[in-house]
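Student: Could we go through this structure together? I would like to begin with the strands and come to the ligand later.

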Amino acid sequence: MNPASVGTSALLELRGVGKRFGGVVAVNGLDLTVEAGEVRGLIGPNGSGKTTTINLVSALYRPDGGEIRLAGERIERLRPHEIAARGVARTFQISKLFANMTVLENVLVPALAEFDRGGPRRALREIHERARRLLDLVLLDGHRDALARELSGGQSMLLQIARGLMLQPIRLFLMDEPFAGVHPTIKDTIMETILRANREEAVTFLIVSHEMTTLRRLASRVSVMHEGRLIADGSFETVVNQPAVLEAYLGG
Ligand SMILES: Nc1ncnc2c1ncn2[C@@H]1O[C@H](COP(=O)(O)OP(=O)(O)OP(=O)(O)O)[C@@H](O)[C@H]1O
Ligand SMILES: [Mg+2]
């Protein structure tokens, strides 16, 4: 066993993960470790493999090689619902809400589906109460009877976040560009929701974003990808001054 891995509290670990699409190598021997309890930023120039990484962890794609571990368990061959059942939620940059269902129904549907599959027997009333509380947290409770398609882009992101937080227990929340094209006041709500879930429910976050100022306020540590690999990892201050990072951003 690698002595460096003994006694660490890695929640998510990728080792030598690869994914290609035809001739395009999107992720190329990626090593990435996220500790339990962190809010981690994932940055990198366009096309560096960030979304592909999120899709690999959430099992939308299966890696061509390498290992992905969640709290020590190999998960790279599991299916998306099995990943969700282990407490991994995600948002999509392009919202996958049920457009013709109400805001409240969108939050309830995944929890009710879990209920139907004989998952943890949470009382329906409890599920409903948590849904209302989460909608209140993301300032959407007043819109609970509106159709999801009536929401703005930012509100749709808030709804995706509330829906993800319905997972019980939730351990890891993967977010792909949650701030892109979002109104500044909604950005603040998203940030507060992330920090609160991190603080109060110990949810670990891995957040892909190009918005450095926002990410700097949220994440204690950032990982930088370039051409499918990790090229830097650490605090913002240490990472942004590394020549490899400057080169990756300016070189293209
Ligand atoms: N489904 C796919 N089919 C073919 N090529 C893909 C697919 N998904 C991603 N790629 C390619 O893989 C590379 C990495 O893409 P990815 O979307 O992961 O980058 P990204 O870091 O999320 O970029 P951006 O910041 O622009 O969102 C790119 O060259 C992209 O064109
Ligand atoms: Mg992307």
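Tutor: Let us begin with one pair of residues: leucine 12 stands opposite leucine 70 in E4. Please keep in mind that this is a predicted model.

Student: How many bridges join strand E1 to strand E4, and in which sense do the two run?

Tutor: E1, residues 10–21, and E4, residues 65–70, are joined by 5 bridges and run antiparallel. Arginine 15 has glutamate 67 in E4 as its bridge partner.

Student: What is the order of the strands in that open sheet?

Tutor: The order is E2-E1-E4-E5, with antiparallel pairing among the 4 strands. E2 and strand E5 (73–74) are the edge strands, each pairing on one side only. Helix H1 packs on this sheet, where it touches E1, E2 and E4, and its direction makes about 115° with that of E1.

Student: And how many bridges do E4 and E5 share?

Tutor: E4 and E5 pair over 2 bridges, in the antiparallel sense. Arginine 69 has arginine 74 in E5 as its bridge partner. The hairpin of E4 and E5 has 2 residues between the strands, and alanine 71 takes a positive phi near 45° there.

Student: Which other residue, not a glycine, has a positive phi?

Tutor: Glutamate 177 has a positive phi, near 50°. Glutamate 177 sits in the loop between E7 and helix H6 (184–201). As a general point, most residues other than glycine have a negative phi, and most peptide bonds are trans.

Student: Then where is there a cis peptide bond?

Tutor: It joins glutamine 168 and proline 169, with omega about -10°. Proline 169 belongs to the loop between helix H5 (153–165) and strand E7 (172–176).

Student: E7 has come up twice now. What is the strand order of the open sheet it belongs to?

Tutor: That sheet has 6 strands in the order E6-E7-E8-E3-E9-E10, and its pairing is mixed. Its edge strands are E6 (88–91) and E10 (229–234), each of which pairs on one side only. From one strand to the next, the twist averages 20°.

Student: In which sense do E7 and strand E8 pair, parallel or antiparallel?

Tutor: E7 and E8 (residues 204–208) pair in the parallel sense, over 5 bridges. Aspartate 176, for instance, has valine 208 in E8 as its bridge partner.

Student: Which strands does H6 lie across?

Tutor: H6 lies across strand E3 (39–43), E7 and E8, and runs at about 155° to E8. Helix H9, residues 243–251, lies across E3, strand E9 (221–226) and E10, at about 130° to E10.

Student: Now the ligand, please. How many residues surround ligand 1, and which are the closest?

Tutor: There are 13 residues around ligand 1, the closest being Gly47, Lys50, Thr51, Thr52 and His210. By class, this shell divides into 5 nonpolar, 7 polar and 1 charged. H1 gives the most to the shell, with 3 residues.

Student: What lies 2.9 Å from an oxygen atom of ligand 1?

Tutor: One such partner is an N or O atom in the side chain of asparagine 46. Another is an N or O atom in the side chain of histidine 210. For glycine 47, a backbone N or O atom lies 2.8 Å from an oxygen atom of the ligand.

Student: How much of the accessible area of ligand 1 does the protein cover?

Tutor: The protein covers 63% of the 640 Å² that ligand 1 has on its own. Strand E2 (24–35) and helix H1 (50–57) are the elements that give two or more residues to the shell.

Technical notes. Residues are numbered from 1 along each chain as its sequence is written. Chains are lettered from A and ligands numbered from 1 in the order in which they are written. This is a predicted model: local features need pLDDT of at least 70, side-chain atom pairs count only at pLDDT 80 or more; totals for chains, interfaces and linings use all residues. Side-chain values use heavy atoms; hydrogens and water are left out. A residue is near a molecule or strand if one of its heavy atoms lies within 4 Å of it. A polar contact is a pair of N or O atoms within 3.5 Å; within protein, one must be able to donate a hydrogen and the other to accept it, and residues adjacent in sequence count only if both atoms are side-chain atoms. Accessible areas come from the Shrake-Rupley method with a 1.4 Å probe; for residues, only the protein chains shown count as cover. Ala, Val, Leu, Ile, Met, Phe, Trp, Tyr, Cys and Pro count as nonpolar, Asp, Glu, Lys and Arg as charged, and the others, Gly among them, as polar. Two strands pair if DSSP finds at least two bridges between them. Contact means heavy atoms within 4.5 Å. Axes are lines fitted to C-alpha atoms, for helices over the stretch in contact, and angles run from 0 to 180 degrees between N-to-C directions.
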